[in-house]
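Grab a coffee and work through a few exercises on the structure below. Each one sets a task and then walks through a solution.

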Amino acid sequence: MSRTRRLLRQTMTIARRDFVATVFTPIFLLFLFAPLIMVAFSTIGAMGAAQAADHGADHVRIVAIVPNAVAGAFVEADKRARIVFRRDEEPPALAILTPSGEPGVQARKAFESGDYDATAILYGPLNRPTILYGPRGTRAADYLTVLASSALSAERLGGELPRVEATKVPFSRQRATLGGQNQTAFLAVFGVFFLTLFLAGQVVGTMAEERSNKVIEVLAAAVPLEAVFLGKLLGMFGVAVLFIGFWGTVLGQVTSLLPPAFGGMVGELSPAVGLPMFTLLFVTYFTMAYLLLGSVFLTIGAQASTMREIQMLSLPITIVQVGMFTLTLSGLSSPDSWLAVIAEVFPLSSPFAMAGMAAASDSLWPHAVALAWQALWVAIFVTLGARLFRRGVLQSGSVRPFWRRKGA
């Protein structure tokens, strides 16, 4: 017991040392506000793209070449039909032209008009109209068909469609919807993936400085290498928790200022296990994903002898994380498939898959088994990393990684 307590104390000493050395530096502020910088540049780019798209959309039209007798019914049908569309899904604005000459020739000339960009043009009798449409005008052509049907009905009913005054009563479900569960499962997997992608890769270079200034030999002589590896892993995890806590608080304050409609959308994201349990499981699985991936990256990074090699490792590490994310999504789309089982059992993808399961299934016992399984692999990776470092660097005195040694 005293040996375990001493090992734990040594581990926490290393963790505290790395946490303080990372957080109490000016460069940490740049890391902390990196998402703000990313969001600022993304917002500027999105606003520019949106303005360009809106400017182009302002000139797009769907055109109906119809007599004046039915033009009013056409406009009224268009006004009613647009109610069911979201703003970003609305068809282009409707333009009404009075027939003049041969309708087919007029329609083709309208496509070449410099006043607007026609995406679909209707002409001919309403019961059998002809619709010309451009490369992206399939939906617009279907929409014009619906408008022609409504206008024809109004014409046969005396020029006006009957109005329906519906009573709309909001209703809140008592259980989680299947769509809400699937959305929550995807967001859970993406959340764990994004946080680990952004944060877990930081542990790769934590051994580089100690190896360059020979501090690692002093640490290895004072405490077991397992304590050094686990301590560094926990220290960087503390940095990640500080990062998430800071931005979680900021986002919590921002979302309280959003309109009520946003709250309704969030309410649809209903996990199967309930929100309190899901929150606990999400945090736990992020922790396990960070420790698992971080222990692997720490082991690989400890074998690198130069900063160039550490930089070269960034791409393979990112590929591994994206691969785990892709495997998990493939399993999530088919919960009973063998891909889902592989994603849940394979150590590096297990936290992602189980976070998705927490949103889609109300069973709790698989999570206890999964967490024990993941904790076992964290211990295996930390122990294996310490032994590889001890045998490959400290005992041999060589700084070559294991993939460059003879017989490796």
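**Exercise 1: Place L197**

L197 sits in helix α7, which covers residues 178-199; helices (H or I, at least four residues) and strands (E, at least two) are DSSP runs, numbered from the N terminus. Before going on, some housekeeping: this is a predicted model, where local features need pLDDT of at least 70, side-chain atom pairs count only at pLDDT 80 or more, and totals for chains, interfaces and linings use all residues. Residues are numbered from 1 along each chain as its sequence is written, and side-chain values use heavy atoms, with hydrogens and water left out.

Task: work out how L197 is covered and which residues it touches, not counting those up to four places away in sequence.

Step 1. Cover: L197 has 29% relative accessibility and counts as partly exposed. The scale is buried under 20% relative accessible area, exposed over 50%, and partly exposed in between (1.4 Å probe, protein chains only).

Step 2. Touching residues: with those up to four places away set aside, L197 meets T318 and Q321. Contact here means heavy atoms within 4.5 Å.

Step 3. Backbone: L197 and Q321 are 124 residues apart along the chain, yet their C-alpha atoms are separated by 6.7 Å.

**Exercise 2: Trace the salt bridges around D18**

Task: find which residues pair with D18 and say what the K232 pair ties together.

Step 1. The idea: side chains of opposite charge can pair when their charged atoms come close. A salt bridge is a side-chain nitrogen of Lys or Arg within 4 Å of a carboxyl oxygen of Asp or Glu.

Step 2. R17 bridges to D18, with 3.2 Å between the closest N and O atoms. R17 is partly exposed at 33% relative accessibility, while D18 is buried at 6%.

Step 3. K232 also forms a salt bridge with D18, and here the closest N and O atoms are 3.0 Å apart. K232 belongs to helix α10 (residues 225-255) and D18 to helix α1, so this pair ties together parts 214 residues apart in sequence. K232 and D18 are both buried.

Step 4. For another pair, look at R82 and D78, whose closest N and O atoms lie 2.9 Å apart. R82 is buried at 14% relative accessibility, and D78 is buried at 9%.

Step 5. Put it together: shared partners join the salt bridges of R17, D18 and K232 into one network. The structure holds five salt bridges.

**Exercise 3: Buried or exposed?**

Task: decide whether R3 and S349 are buried or exposed.

Step 1. R3 lies in helix α1, residues 2-23. With a relative accessible area of 67%, R3 is exposed.

Step 2. S349 falls in the loop between α15 (338-345) and α16 (350-360). S349 has 0% relative accessibility, so it counts as buried.

Step 3. Who surrounds S349? Beyond neighbours within four places in sequence, its contacts are M324, L327, T328, I342 and A343.

**Exercise 4: Sum up the whole chain**

Task: say how many helices and strands there are, and what share of residues is buried.

Step 1. Count the elements: 17 helices and four strands.

Step 2. Check burial: 38% of the 408 residues count as buried.

Step 3. Look at range: among contacts with a separation of 6 or more, 74% come from residues 24 or more positions apart.
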